[in-house]
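Trainee: I'm new to this one. Could you take me on a close look at the spot where the ligand sits, and tell me what surrounds it?

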Amino acid sequence: MQKLLQLLQDGEFHSGESLGRAIGLSRAGVWKRLQGLEAELGITIFRVRGRGYRLSSPLSLLRTDELGEGLAPYGWKAVLTESVSSTNAEALRLLSTGASGPLLVVAEKQSSGRGRRGRVWVSPYGANLYYSLGLQLDGGVYPLEGLSLTIGLAVRRALVEFGCETVGLKWPNDLLLDGRKIAGILIELAGDPSSICQVVIGIGINVNMTGAIADIDQPWASLQGHTGRLVDRTALALRLSHWLQRYLELHRENGFSGLRQEWEACHLWQGAEASLLAGPQRIDGVVLGVDQQGALRMQVAGEERHFSGGELSLRLRDDS
Ligand code: BTN
């Protein structure tokens, strides 16, 4: 963890001298180090003569020790990285090179955060939660059915606790607040899904991201944008882990079918007229809910049909 950024994360001014004293560098050394961090991490640091340095806005950096201690009772190991291409990719790499799960990888920044359907997940330094839980599965494909929908329920619980009472789900696993996306889930697999395989549950939550972000091509929300307060990302990661292990336990015991009712109760688009998009193909219908496996149930031309697959996406009906 960058000691300099820990000192600066409060967003207040700190003199070059006090920063230098704290990390054993000269004032010129501090200046050089901060320029390096700006370039490397994409953050903005203001320098004002006579006052020192401050971040353009306060950050809540992750506290490694607290995270490790909080996860120990679940038997999860925590790997906290400063910057990584993708926490999902890193968790898959660690599991495939001999690390045992459950293994949680969190990062302050992702340089190539991955979203569903090949999209990019924008992941600025210290702003949001980039969280991947890697598990080793040896029970065949059954526990994976509906898993991403189960995870959505866990994420929702954590968001409600942090002030988003009205957050809901959109099939298959988007979390929307006031019609805007606040969190997404990407599950990736390696190995043989019918026997031994590694599954990585990737969760991205927009936490303290505010302002205009040019690279996001859909309406989005964040916890800070909603509550007006800087959110403690370590506390959020811990509550998310709490709900995740609870819902994973329920999923292990009864599969998704035991959670189907709860999921439908949290589904924002129950009964909505919607279009299901699969590449260039579009199917119009009314959303009925989900089945025991988590597939979408839609009324299409007077008939109930079930749809599943990672490439599908749902839109509210637009006949224009
Ligand atoms: C979506 O498109 O809705 C899924 C977004 C998932 C983003 C998270 S951030 C942590 C993890 N690492 C990644 O590269 N992606 C997931």
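**Around the ligand**

Mentor: Sure, let's start with one contact: a polar backbone atom of Arg114 lies 2.7 Å from an oxygen atom of the ligand. Keep in mind as we go that this is a predicted model. On its own the ligand would expose 420 Å², and the protein buries 98% of that. The space it takes up is the largest pocket.

Which parts of the chain build the shell around the ligand? Helix H5 (87-96) and the strands S5 (129-137), S8 (180-191) and S9 (197-205) are the elements that each give two or more residues to that shell. Of these, S8 gives the most, with four residues.

Now zoom in on the residues themselves. The ligand is surrounded by 20 residues, and the closest are Ser86, Gln110, Arg114, Arg116 and Lys181. Sorted by class, the shell holds ten polar, six nonpolar and four charged residues.

We began with an oxygen atom of the ligand, but nitrogen takes part in contacts too. Thr87 has a polar side-chain atom 3.1 Å from a nitrogen atom of the ligand. With Asn88, a polar backbone atom is what lies 3.5 Å from a ligand nitrogen atom.

So if you want a picture to hold on to, try this one: a ligand with 98% of its exposed area buried by the protein, sitting in the largest pocket, with Arg114 among the closest residues and strand S8 giving the most to the shell.

Note on methods:
Residues are numbered from 1 along each chain as its sequence is written. This is a predicted model: local features need pLDDT of at least 70, side-chain atom pairs count only at pLDDT 80 or more; totals for chains, interfaces and linings use all residues. Side-chain values use heavy atoms; hydrogens and water are left out. A residue is near a molecule or strand if one of its heavy atoms lies within 4 Å of it. A polar contact is a pair of N or O atoms within 3.5 Å; within protein, one must be able to donate a hydrogen and the other to accept it, and residues adjacent in sequence count only if both atoms are side-chain atoms. Accessible areas come from the Shrake-Rupley method with a 1.4 Å probe; for residues, only the protein chains shown count as cover. On a 1 Å grid over the protein atoms alone, a cavity is a set of points where a 1.4 Å probe fits but cannot get out, and a pocket is an open set with protein on both sides within 12 Å along at least five of seven lines; lining residues have an atom within 4 Å of a point. A molecule sits in a cavity or pocket if more than half of its atoms lie within 2 Å of its grid points. Ala, Val, Leu, Ile, Met, Phe, Trp, Tyr, Cys and Pro count as nonpolar, Asp, Glu, Lys and Arg as charged, and the others, Gly among them, as polar.
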